[in-house]
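Work through the exercises below with the coordinates open. Each one sets a task and then solves it step by step.

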Amino acid sequence: MSTATRQLDELIGREYRHGFVTTLETDTVPRGLNEEVIRMISARKHEPHFMLEWRLKAFRHWFTMREPQWANIHHPPIDYQNISYYSAPRSGKDGPRSLSDLDPELLRTYEKLGIPLKEQEVLAGVAVDAVFDSVSVATTFKEKLAELGIIFCPFSEAVQKHPELVQQYLGSVVPYTDNFFATLNSAVFSDGSFCYIPPGVRCPMELSTYFRINERNTGQFERTLIIADKGAYVSYLEGCTAPMRDENQLHAAVVELVALEDAQIKYATVQNWYPGDKEGKGGIYNFVTKRGECRGANSHISWTRVETGSAITWKYPSVVLLGDNSVGEFYSVALTNHHQQADTGTKMTHVGRNTRSTVLSKGISAGYGQNTYRGLIKVLPGAENARNYTQCDSLLLGEQCGAHTMPYIEVRNPTAQVEHEASTSRIGEDQLFYCTQRGIAPEEAVSMIVSGFCKAVFQNLPMEFAVEAQKLLGVSLEGSTG
Amino acid sequence: MLSIMNLHAGINGKDILRGIDLEVRAGEVHAIMGPNGSGKSTLAQLLAGRDGYQVTAGSVRYLEQDLLTMPAEERARAGIFLAFQYPVEIPGVSNALFLKTALNSIRKQQGLSELDAMDFLQLLRDKMKLLRMDELLLPRAVNEGFSGGEKKRNEVLQMAVLEPKLAILDETDSGLDIDALKIVADGVNGMRDPQRAIVLVTHYQRLLEFIVPDVVHVLSQGRIVRSGKADLARELEQRGYGWVEEQHPARKAA
Ligand SMILES: Nc1ncnc2c1ncn2[C@@H]1O[C@H](COP(=O)(O)OP(=O)(O)O)[C@@H](O)[C@H]1O
Ligand SMILES: [Mg+2]
């Protein structure tokens with residue numbers, strides 16, 4: 001192995017920075033999954049009857065399903081009876097009413113993660129909802145948003161206060177029968193974020209949720225539902241971390257987005273779950289179903305995500321383009337290092353006329369990482385003049401890693417135009433030497449090259465997140481001169 | 001400043017440099033000429049710190065340091081600059097950012113403060129004007145889609161911004177038309193300084209009409225077979241490289 005390759009390996013061999021455990025008193029249900037557990041979760045959350053019914057239907061359906069085997073990932077079987085499906089920090093009352101009710105230990109945890117929960121310290125223009133293990137612990141800026149009629153609150157609170165909205169939209173994009181993990185989530189989901197933007201309202205700040213798995217042997221099954229009513233606009237950010245543990249932890253989330261006529265939703269994720277150690281021990285299994293529906297004409301949904309975490313990622317944020325002239329976008333950076341495996345991509349389903357979709361996927365593989373892009377572009381018979389452009393680029397750092405691209409295209413309307421481009425490149429010793437010869441340290445050089453590779457995706461992130469995303473990849477922000 | 005003694009080096013088991021002796025002092029301009037494959041680029045890249053060469057004998061000292069033990073970035077920060085024969089493309093990284101990162105890395109080493117964006121941009125604009133470069137090249141990705149001439153000029157721009165102590169230019173003249181050649185030569189001449197040494201690696205003597213060197217060396221099969229004044233270059237041009245090689249038949253056979 002040449003020195004340059006060795007340097008690369010050292011550089012990307014950095015330790016996970018968010019891997020601490022917080023000691024809190026928690027209320028955790030015993031491991032295992034049965035109807036009793038589901039009734040218990042629903043009861044703890046004082047849910048209306050329709051929720052319990054929905055969970056039970058999902059649970060009964062789940063028992064008839066098998067784990068999907070088609071993805072290009074490998075892991076020992078998951079023992080679903082050895083996971084606890086609910087864990088909440090114990091606080092005197094049923095739940096924290098305001099930030100001052102929060103356990104100071106918890107606030108410190110979020111501070112350590114760099115997520116300020118005190119409203120006065122919150123990044124200008126970002127409202128934060130924080131989900132710790134299973135429950136939502138704080139939502140900032142709630143009042144300010146309420147003045148505009150925007151609802152942004154923990155899912156469990158929405159179930160209490162806005163049951164009609166929840167009942168109308170829950171499962172309307174991802175039905176409880178959708179797939180093994182989504183069905184499991186529907187049965188046991190504990191909390192998440194809910195967001196509703198009323199007609200014609202442009203949400204004035206970024207909405208943000210931070211998820212953290214803390215408790216040992218718990219799964220996290222959060223559920224996010226975002227509805228942009230006619231002509232509404234919202235930009236939403238999601239961030240995730242977890243402690244370092246030797247066991248694998250399961251994360252099976254569902255995110256549903258609904259955009260009505262002329263509405264726009266931008267959903268960005270910076271996912272940094274614990275990926276496991278260098279030998280591939282521990283780490284999060286991340287099996288997530290994310291789907292958006294452009295229901296109305298001229299609606300617009302975009303997914304942007306930067307993922308560096310998880311032992312295994314199985315995730316395909318998709319858009320169903322129902323409304324005429326609706327637009328779906330997917331911008332993605334996925335990094336796999338050490339023994340991480342990612343099988344990710346997107347699905348764009350064109351139903352309405354003149355629908356357009358863009359897919360830009362950047363995969364970075366290092367160490368023994370395996371990165372698979374799997375994308376489906378589907379054009380239904382009614383989708384006159386549908387357009388899709390897909391570009392998948394892979395960057396390899398080192399000799400042992402792999403990149404795989406699996407595009408699937410199904411076109412059932414002759415007027416459709418579907419374009420696909422793919423490339424694979426390797427950080428070359430030439431590039432590295434060119435940088436170091438100019439005085440740039442090798443680690444900075446790698447960061448810069450990787451960041452350059454991802455630039456087209458980072459441009460779609462809100463500024464604060466772009467900074468975080470670049471830091472995540474260990475890179476410095478492109479200067480203002482660029 | 002630079003003192004190379006009996007340097008033997010190769011790559012992948014192939015001997016390329018076979019006993020180089022070279023002494024370069026501050027303020028001097030040296031030209032290294034030689035036919036294709038004689039080892040000019042190998043020497044230049046080895047001095048600049050590229051990995052992968054095996055040094056089998058000899059030593060290189062630079063400003064009282066053992067150059068060969070220093071990694072490339074330390075050599076650069078100590079003032080060594082190589083204008084690449086084939087400049088490398090870095091997609092997505094703007095030319096301006098690249099150069100700013102480089103400059104600040106070097107300044108940091110020298111105990112200077114980082115230049116902020118405004119000061120840097122001003123510096124860059126001034127240097128670009130001298131080289132008659134289009135400012136539109138700044139936000140573009142490093143060397144990506146640049147024409148051959150633009151790439152070469154970009155190398156000279158980097159040199160002008162980084163102000164090295166020892167600049168090695170590897171065939172910076174090749175692929176330039178006569179106007180561009182003059183501009184580049186002006187740029188290099190503007191860098192001549194009693195504190196700075198310049199080593200021009202070139203295949204043709206054309207460049208040396210515009211940048212008159214103090215010393216000319218002829219490299220052949222990994223050895224300096226002849227050194228002389230500027231007129232050696234002209235003589236070479238007339239007689240061809242065969243002429244010097246004929247004069248050293250014993251070495252050629254070696
Ligand atoms: N990486 C390499 N592996 C094997 N041979 C090489 C390598 N790099 C250069 N060479 C050989 O070394 C010799 C000198 O090359 P080079 O220094 O590029 O010559 P010049 O710049 O004078 O044209 C050539 O014969 C070339 O083929
Ligand atoms: Mg050469």
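## Exercise 1: A valine in chain A

A:Val446 sits in helix 10 (residues 442-458) of chain A. The model is predicted.

**Task.** Is A:Val446 buried or exposed? How far apart are A:Val446 and A:Ile427 in sequence and in space?

**Solution.**
- Step 1. Take the relative accessibility of A:Val446, which is 6%.
- Step 2. Buried means under 20%. A:Val446 therefore counts as buried.
- Step 3. Count along the chain: A:Val446 and A:Ile427 are 19 residues apart in sequence.
- Step 4. Go from C-alpha to C-alpha: the two are 8.0 Å apart in space.

## Exercise 2: Chain A as a whole

**Task.** Describe chain A by its secondary structure, its burial, its contacts and its exposed area.

**Solution.**
- Step 1. Count the elements: chain A has 11 helices and 23 strands.
- Step 2. Check burial. Chain A has 482 residues, and 63% of them count as buried.
- Step 3. Take the contacts in chain A between residues at least 6 apart in sequence. Of these, 83% join residues at least 24 apart.
- Step 4. Turn to the surface. Chain A exposes about 17,900 Å², and carbon and sulfur atoms supply 49% of that area.

## Exercise 3: The magnesium site

**Task.** Which residues coordinate the magnesium ion (ligand 2)? Which parts of chain B does the pair tie together?

**Solution.**
- Step 1. Find the donors. They are OG of B:Ser41 and OE1 of B:Gln85, at 2.0 to 2.3 Å.
- Step 2. Place them. B:Ser41 lies in helix 1 (residues 40-48) of chain B, and B:Gln85 lies in the loop between strand 6 (80-83) and strand 7 (90-94) of chain B, so the pair ties together parts that are 44 residues apart in sequence.
- Step 3. Check accessibility. B:Ser41 is partly exposed at 21%. B:Gln85 is buried at 17%.

## Exercise 4: The shell around ligand 1

**Task.** Which polar atoms lie by the oxygen atoms of ligand 1? Which element gives the most to the shell around ligand 1?

**Solution.**
- Step 1. List the shell. The residues around ligand 1 include B:Ile11, B:Asn12, B:Lys14, B:Ile16, B:Pro35 and B:Ser41.
- Step 2. Sort the shell by class: 3 residues are nonpolar, 7 are polar and 2 are charged.
- Step 3. Look at the side chains. B:Lys14 has a polar side-chain atom 3.3 Å from an oxygen atom of ligand 1.
- Step 4. Look at the backbone. A polar backbone atom of B:Ser38 is 3.3 Å from an oxygen atom of ligand 1. For B:Gly39, a polar backbone atom is 3.1 Å from an oxygen atom of ligand 1.
- Step 5. Work out the cover. On its own, ligand 1 has 560 Å² of accessible area, and the protein covers 64% of it.
- Step 6. Assign elements. Strand 2 (14-24) and helix 1 of chain B each give two or more residues to the shell around ligand 1. Helix 1 of chain B gives the most, with 3 residues.

## Exercise 5: Helix 1 of chain B

**Task.** How many residues of helix 1 of chain B are buried? What phi does B:Gly49 take?

**Solution.**
- Step 1. Count the buried positions: 8 of the 9 residues of helix 1 of chain B are buried, so the helix is largely enclosed by the rest of the structure.
- Step 2. Name some of them. Among them are B:Lys40, B:Thr42, B:Leu43 and B:Gln45.
- Step 3. Step off the end. B:Gly49 comes just after helix 1 of chain B and takes a positive phi of about 105 degrees.

## Exercise 6: A serine in strand 1 of chain B

**Task.** With which side chain does the side chain of B:Ser3 make a polar contact?

**Solution.**
- Step 1. Place B:Ser3: strand 1 (residues 2-11) of chain B holds it.
- Step 2. Check burial. B:Ser3 counts as buried at 13% relative accessibility.
- Step 3. Leave aside neighbours within four places in sequence. B:Ser3 is then in contact with B:Leu22, B:Glu23, B:Ser59, B:Val60 and B:Arg61.
- Step 4. Pick out the polar pair: the side chains of B:Ser3 and B:Glu23 make a polar contact at 3.4 Å.

## Exercise 7: Positive phi outside glycine

**Task.** Where are A:Asn354 and B:Gln221?

**Solution.**
- Step 1. Read the angles. A:Asn354 has a positive phi near 50 degrees. B:Gln221 has a positive phi of about 45 degrees.
- Step 2. Place A:Asn354: the loop between strand 18 (341-350) and strand 19 (356-366) of chain A.
- Step 3. Place B:Gln221: the loop between strand 11 (215-220) and strand 12 (223-228) of chain B.
- Step 4. Check accessibility. A:Asn354 is partly exposed at 34%. B:Gln221 is partly exposed at 30%.

Key. Residues numbered from 1 in each chain as written. Chains lettered and ligands numbered in written order. Predicted model: local features only at pLDDT ≥ 70, side-chain atom pairs only at ≥ 80, totals over all residues. Heavy atoms only, no water. Donors = N, O, S within 2.8 Å, 3.2 Å for Na, K, Ca; no water. Helix = DSSP H or I, 4+ residues; strand = E, 2+ residues; numbered from the N terminus. Buried < 20%, exposed > 50% of the residue type's maximum accessible area, 1.4 Å probe, protein only. Near = heavy atom within 4 Å. Polar contact = N/O pair within 3.5 Å; in protein donor to acceptor, adjacent residues only side chain to side chain. Areas by Shrake-Rupley, 256 points an atom, 1.4 Å probe, with all protein chains shown as cover. Nonpolar A, V, L, I, M, F, W, Y, C, P; charged D, E, K, R; others polar. Contact = heavy atoms within 4.5 Å.
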